[in-house]
Amino acid sequence: FRHILISLFVITLISPITINAKEGQEIFSRVVINNGEHIIAGDSTVFSVIIYSNLPFGEIKCTDSNVKISGCRVRQTYQGNGRRQSRSYLGGRAYYSTVWSQYVIGSNNKGKYTFPSLSFSAQLYIEQSDDIDPFDPFGFFRQPRYKKVKATLKSPETKFEIIDQPRKSTEELMKSGKTVI
């Protein structure tokens, strides 16, 4: 019985631990509009550019972060670098995500507008396989090693519309002192 236990222990020491790096590297971005696709003329809303990946990522760089939309006021209020990541679930799948930037956009002119596409480059980290440490056969003190891989992506163009302010309700008209017939 001792010989069997010793031989099993030796076999576990010899065989390396393999950690599969995900073959399909998936990285994409979305532009999320705070109030939906419709903005009231004279008002503004926040546009958030969010980057998602199935692998942890490092520094993110954007080649064209200076967004200009003709007929709209655009002000960048936040720009991250990809270091602050969280876990998000989209369609039942887990992703690493970060808000790369936020823009406040508004206009007094009605019409249809397009938030432009942005180009990004990022570093993805792929976990590498390890050999078993003879002094730590169960891997309690194992530190993972990562391989850096460059990835590029483009955010989609996002369409939005500036619309007229909705009409006031009867109650709002009466509160403002108007006579309602």
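Okay, so which residue stands opposite F115 in β11? That one is T158, and I'll come back to that pair in a minute.

Some housekeeping before the tour. This is a predicted model, where local features need pLDDT of at least 70 and side-chain atom pairs count only at pLDDT 80 or more, while totals for chains, interfaces and linings use all residues. Residues are numbered from 1 along each chain as its sequence is written, and side-chain values use heavy atoms, with hydrogens and water left out.

Right, the overview. The protein chain has two helices and 11 strands; both kinds are DSSP runs numbered from the N terminus, helices being H or I with at least four residues and strands being E with at least two. Along the sequence you read α-β-β-β-β-β-β-β-β-β-β-β-α. Of the 181 residues, 30% are buried, and here buried is under 20% relative accessible area, exposed is over 50%, and partly exposed is in between, with a 1.4 Å probe and protein chains only. Accessible surface comes to about 12,500 Å², with 52% of that belonging to carbon and sulfur atoms; that's Shrake-Rupley with a 1.4 Å probe, and for residues only the protein chains shown count as cover. If you take contacts (heavy atoms within 4.5 Å) with a separation of 6 or more, 75% are between residues 24 or more positions apart.

Now back to that pair and its sheet. Strands count as paired if DSSP finds at least two bridges between them. One open sheet has three strands in the order β2-β11-β8, with mixed pairing. β2 and β8 sit at the edges with a single partner strand each, so one side of each has no neighbour in the sheet. Neighbouring strands here are turned by 30° against each other on average, direction ignored; the axes are lines fitted to C-alpha atoms, for helices over the stretch in contact, and angles run from 0 to 180 degrees between N-to-C directions.

Where does the mix come from? β2, residues 38-40, pairs with β11 in the parallel sense over three bridges, and I40 stands opposite I163. β8 and β11 run antiparallel, joined by five bridges; besides F115 with T158, there's Y113, whose bridge partner is F160. β11 itself has two faces: T158, F160 and I162 are covered, whereas K159, E161 and I163 are uncovered.

There's another open sheet, β4-β9-β10, three strands with antiparallel pairing. Its edge strands are β4 and β10, each pairing on one side only, and the twist averages 20° from one strand to the next. β4 and β9 share four bridges, and K61 stands opposite S121 in β9.

So what's inside? The largest nonpolar core has 29 residues; that means buried Ala, Val, Leu, Ile, Met, Phe, Trp, Tyr and Cys joined through side-chain atoms within 4.5 Å. F47, Y103, F115, F120 and F160 have the most contacts inside this core. Strands that each supply at least two of its residues include β1, β3, β7 and β11, and the largest share, four residues, comes from β9. Leaving out anything up to four places away in sequence, F47 touches V31, V32, I33, I39, S101, Q102, Y103, I105, F115 and F160.

Last one: S29, in strand β1. S29 counts as buried because its relative accessibility is 6%. With the close sequence neighbours, up to four places away, not counted, S29 touches I50, I51, F120, L153, K154, S155 and P156.
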